[in-house]
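User: Please take a close look at the charged side chains in this chain and at how they pair with one another. I would like one connected account that also places the pairs in their surroundings.

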Amino acid sequence: MIYSILENSNSISGVTLRNGPNSSELLLGQVNGKGRMTFYTLFPGLTVAFIFVNATVWPESDANSDLKPLLINYCVSGRSELLLDDGSYIYLKENDLCISEQTAQKEYIFPTGQYRGIKIYFDLPLLLQSCGDLLKSFSLDLTKLEKDYCEKHKTYISETDNELETIFQKIWQLSERPSAFYLQIYTLELLYRLLNMEIRPSKTCGFYTETQVEIAKRAAKILSDDLRQHIPVRQIAERFSVSETSLKNYFRGVYGQNISTWLRETRLLEAAKLLSGTKRPISEISEQVGYSNQGKFAAVFKKRFGLSPLEYRRTKYLEKN
């Protein structure tokens with residue numbers, strides 16, 4: 001199954017498959033960003049992938065969306081959006097665990113523009129056939145894992161406890177200097193923990209409808225189209241015929257931040273881009289991103305980047321030259 005997933009992904013524009021002696025890599029190179037997924041097959045039917053993305057979108061093959069492997073996802077940092085085959089959206093934030101029999105439809109979305117994570121693929125029939133005795137010797141009943149986490153609902157989401165987080169971090173530390181032995185040991189340890197821990201209730205707040213997601217994304221576009229404007233949240237909520245509280249909840253669900261925090265970060269990132277990429281006066285940039293008071297802009301910018309706007313511009317100029 002993993003071979004089919006990789007080959008199907010290789011057919012997507014902007015995604016390239018590169019096979020090595022011990023691993024395979026999918027490389028994303030598009031206008032909206034870059035990314036890398038590195039795959040290590042630990043046992044026949046069990047593959048671990050390390051995900052590094054600096055982009056808002058990673059396209060998915062239609063053929064892959066028809067495959068139904070058992071999947072474990074763990075978010076190291078960033079935020080991930082998945083449209084599932086039942087039409088619902090789920091969001092993973094830092095330190096969230098997802099166990100699912102559902103696969104992403106159309107594409108993976110990263111609302112914050114960056115993501116680091118671990119994905120584990122299970123082809124259960126192949127794994128049980130090839131490694132049945134090994135799994136039995138470690139008391140790992142993977143059909144029970146599937147039943148415990150995915151029988152009632154096809155997708156389970158929860159924040160990890162300290163023990164699970166420690167195991168995932170041990171796996172993640174091998175992302176740049178992998179060891180097949182320790183990847184196998186830590187992955188088996190993870191499975192043992194999942195099978196023997198008390199299962200927390202799945203996070204219902206991790207699921208959103210298509211309409212709720214669309215409202216949040218359209219609100220974000222309205223707010224960011226012209227950063228000079230200061231549009232009241234109430235006005236945007238009225239435009240979509242929802243309450244202000246509902247809009248704030250949808251927005252936080254999609255972007256992982258409240259609207260004011262997200263908007264401040266958007267303004268400052270745009271300011272940093274203009275400072276490093278143009279020679280426009282700082283006063284003009286300040287107004288362009290919504291700060292009529294240049295002194296306030298300088299104070300907020302320095303708190304975010306550790307440098308005043310002028311120091312930031314000089315530093316970026318020296319880096320380029």
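Analyst: A helix is here a DSSP run of H or I that is at least four residues long, and helices are numbered from the N terminus. With that in mind, one can turn to helix α9, which spans residues 244-255 and holds both Glu-244 and Lys-248, four residues apart, or about one turn of the helix. The model is a predicted one, and in it these two side chains form a salt bridge whose closest N and O atoms are 3.3 Å apart. That pair counts as a salt bridge because the rule asks for a side-chain nitrogen of Lys or Arg within 4 Å of a carboxyl oxygen of Asp or Glu. Neither partner is buried: Glu-244 has 33% relative accessibility and is therefore partly exposed, while Lys-248, with 40%, also counts as partly exposed.

The approach to this helix can be described as well. Ser-243 belongs to the loop that runs between α8 (233-239) and α9, and its 37% relative accessibility puts Ser-243 among the partly exposed residues. The C-alpha atom of Ser-243 is separated by 9.8 Å from that of Val-233, ten residues away along the chain.

The pair in α9 is one case among several, since the same rule gives a count of 16 salt bridges. Another joins Lys-170 to Glu-189, with a nitrogen-to-oxygen distance of 3.0 Å. This pair links distant parts of the chain, for Lys-170 sits in helix α5 (residues 162-172) and Glu-189 in helix α6, 19 residues apart. Both ends are again partly exposed, Lys-170 with a relative accessible area of 24% and Glu-189 with 32% relative accessibility. Where the bridge in α9 has both partners within one helix, the bridge between Lys-170 and Glu-189 therefore has its partners in two helices, α5 and α6.

A further pair is made by Glu-284 and Arg-280, whose closest N and O atoms are 2.8 Å apart. Glu-284, at 37% relative accessibility, counts as partly exposed, and Arg-280 falls into that class as well, at 25%. The cut-offs matter for reading these values: buried means under 20% and exposed over 50%, so a residue with 25% or 37% lies in between.

Not every charged side chain is confined to a single pair, because Lys-93, Asp-96 and Glu-159 are linked in a network of salt bridges. The stretch from β7 (89-93) to β8 (96-100) contains Asn-95, which lies in the loop between these two strands. Asn-95 has a phi near 75 degrees, a positive value in a residue other than glycine, and its relative accessibility of 10% makes Asn-95 buried. A positive phi also turns up in Ser-139, where the angle is near 55 degrees. Ser-139 is found in the loop between α3 (124-137) and α4 (142-150), but there the residue is exposed, with a relative accessible area of 53%.

Helix α6, which supplies Glu-189 to the bridge with α5, also has a nonpolar feature. That helix covers residues 180-196 and includes Tyr-182, which joins Phe-181 and Ile-185 in a nonpolar patch on the surface with about 290 Å² of accessible area together. Tyr-182 itself has 40% relative accessibility and so counts as partly exposed.

The chain as a whole gives these pairs their setting. It carries 40 positive and 37 negative side chains, and the centres of the two sets lie 9 Å apart. The exposed area is about 16600 Å², of which carbon and sulfur atoms supply 49%, and buried residues make up 48% of the 321 residues. The chain has 13 helices and twelve strands, and its C-alpha atoms fill a box of roughly 70 × 50 × 40 Å along the principal axes. Of the contacts between residues at least 6 apart in sequence, 66% join residues at least 24 apart.

Note on methods: Residues numbered from 1 in each chain as written. Predicted model: local features only at pLDDT ≥ 70, side-chain atom pairs only at ≥ 80, totals over all residues. Heavy atoms only, no water. Buried < 20%, exposed > 50% of the residue type's maximum accessible area, 1.4 Å probe, protein only. Contact = heavy atoms within 4.5 Å. Areas by Shrake-Rupley, 256 points an atom, 1.4 Å probe, with all protein chains shown as cover. Lys, Arg positive; Asp, Glu negative; His and termini not counted. Charge placed at Lys NZ, Arg CZ, Asp CG, Glu CD. Patch = residues over 30% accessible without salt bridge, like charges linked within 9 Å, V, L, I, M, F, W, Y side chains within 5 Å.
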